[in-house]
Amino acid sequence: MNRIRCSVAVCLAVLQLACCAAPDGRPLEASLSVTPATLNEPWAVDWWMPRHEKKLAEARALGKSAEIVFIGDSITHGWEDRGPEVWERYYKPLHGLALGFSGDRTENVLWRLQHGEVDGIAPKVAVLMIGTNNTGHRQEDPKTTAAGIRRDIEELRQRLPATKILLLAIFPRGETADDPLRRINEQVNGIIAGFADNRQVYFLNINQEFLTADGKLSKDIMPDLLHPNRKGYEIWARAMAPELKRLMAAPN
């Protein structure tokens with residue numbers, strides 16, 4: 001009987017939480033994207049925090065030699081297991097640091113930034129792409145995801161005041177232009193393009209490089225229609241190279 005009562009109480013608490021508002025009056029979902037949190041998905045709990053600790057050690061080892069840092073989710077994480085050869089050619093000479101964590105949403109990036117992942121480094125450029133898990137996992141209002149991205153930018157600017165931030169449009173997903181999640185991402189991209197001040201924050205949309213003329217995403221580039229393969233990482237690096245070269249050469 002006690003177990004039944006406990007289960008009922010837990011269910012009622014979850015329902016209450018789902019229906020309540022954040023302290024500032026916004027719907028709770030709207031506050032999640034800007035509230036720092038670890039990734040507590042069951043499939044991630046065993047590796048997420050150890051990876052964070054590993055990345056802290058990498059950042060300490062690189063120190064001021066790191067000229068570029070990539071921050072994001074599984075797409076950025078993939079530089080290490082799907083695009084390492086491309087990374088070796090383009091970013092290892094720059095002592096690049098890859099801070100991509102599979103499954104991360106804007107609030108998880110915020111937590112990581114607040115817990116030391118860019119401390120002790122002073123890269124010329126920070127490449128930020130995040131949001132596809134906000135839209136895919138929660139199918140958030142695009143304004144909510146954009147608010148989370150803005151909060152990540154604010155944290156980066158505070159912690160890396162001399163670093164230029166290259167904000168990338170969220171990559172396309174789904175086979176066709178009318179894929180629901182791709183459409184949400186494109187709405188987010190339309191908002192975050194306005195975050196660029198072209199002094200410290202710059203916006204770059206290379207999404208057309210991944211698509212055919214009729215807007216289709218090929219499995220030859222992203223086999224699961226979300227994550228690039230080696231060919232996709234080559235496309236990413238080449239498409240970003242001119243803007244990255246310009247920002248790397250610009251004075252602080």
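The exercises below work through a predicted model of one protein chain, each with a solution in steps.

Residues are numbered from 1 along each chain as its sequence is written, and side-chain values use heavy atoms, with hydrogens and water left out. Since the model is predicted, local features need pLDDT of at least 70 and side-chain atom pairs count only at pLDDT 80 or more, while totals for chains, interfaces and linings use all residues.

**Exercise 1. Find which element of the chain has the lowest mean pLDDT and which has the highest.**

Step one is the term itself: pLDDT is the predictor's confidence in each residue, from 0 to 100. Step two is the whole chain, whose mean pLDDT is 91, with 88% of its residues at 70 or more. Step three turns to the elements, which are DSSP runs numbered from the N terminus, helices being H or I with at least four residues and strands being E with at least two. Helix α1 (residues 2-19) has the lowest mean, 36, whereas β3 has the highest, 99. Over residues 1-24 the pLDDT is below 50, and this stretch has seven contacts in the model beyond near neighbours in sequence, where contact means heavy atoms within 4.5 Å. Where pLDDT is low, the predicted coordinates should not be read in detail.

**Exercise 2. Describe the chain as a whole: its secondary structure, its buried share and the reach of its contacts.**

First, the secondary structure comes to 10 helices and five strands. Next, 51% of the 252 residues count as buried; buried means under 20% relative accessible area, exposed means over 50%, and partly exposed lies in between, with a 1.4 Å probe and protein chains only. Last, of the contacts in the chain with a separation of 6 or more, 80% are between residues 24 or more positions apart.

**Exercise 3. Work out which elements supply the largest nonpolar core and where F210 lies.**

Begin with the rule: a nonpolar core is a set of buried Ala, Val, Leu, Ile, Met, Phe, Trp, Tyr and Cys residues joined through side-chain atoms within 4.5 Å. The largest such core has 32 residues, and those that touch the most other members are F70, W79, Y91, L166, F210, W236 and M240. At least two residues of this core come from each of β1 (68-72), α5, β3 (125-129), β4 (164-168), β5 (201-204) and α10 (230-249). The element that gives the most is α10, with eight residues.

Now take F210, which lies in the loop between β5 and α10 and counts as buried because its relative accessibility is 1%. Leaving aside neighbours within four places in sequence, the contacts of F210 include F171, P172, L217, I235 and W236. F210 and P228 are 18 residues apart in sequence and 9.2 Å apart in space, C-alpha to C-alpha.

**Exercise 4. Identify the residues closest to the centre of the largest pocket and the elements that line this pocket.**

A pocket is found on a 1 Å grid over the protein atoms alone, as an open set of points where a 1.4 Å probe fits, with protein on both sides within 12 Å along at least five of seven lines; lining residues have an atom within 4 Å of a point. The largest pocket has a volume of about 230 Å³, a volume being the space filled by probe spheres set on the points, which are joined across faces, edges and corners. Of its 13 lining residues, E58, W87, E88, K92 and G96 are the closest to the centre. Each of α3 (48-62), α5 (84-90) and β2 (97-100) supplies at least two residues of the lining.

**Exercise 5. Decide whether N198 and L225 are buried or exposed, and give the sign of phi in each.**

Start with the usual case: most residues other than glycine have a negative phi. N198, in the loop between α9 (180-192) and β5, has a positive phi near 60 degrees. L225, in the loop between β5 and α10, also has a positive phi, of about 60 degrees, although it is not a glycine. For the second part, N198 is exposed because its relative accessible area is 53%, whereas L225 counts as buried because its relative accessibility is 16%.
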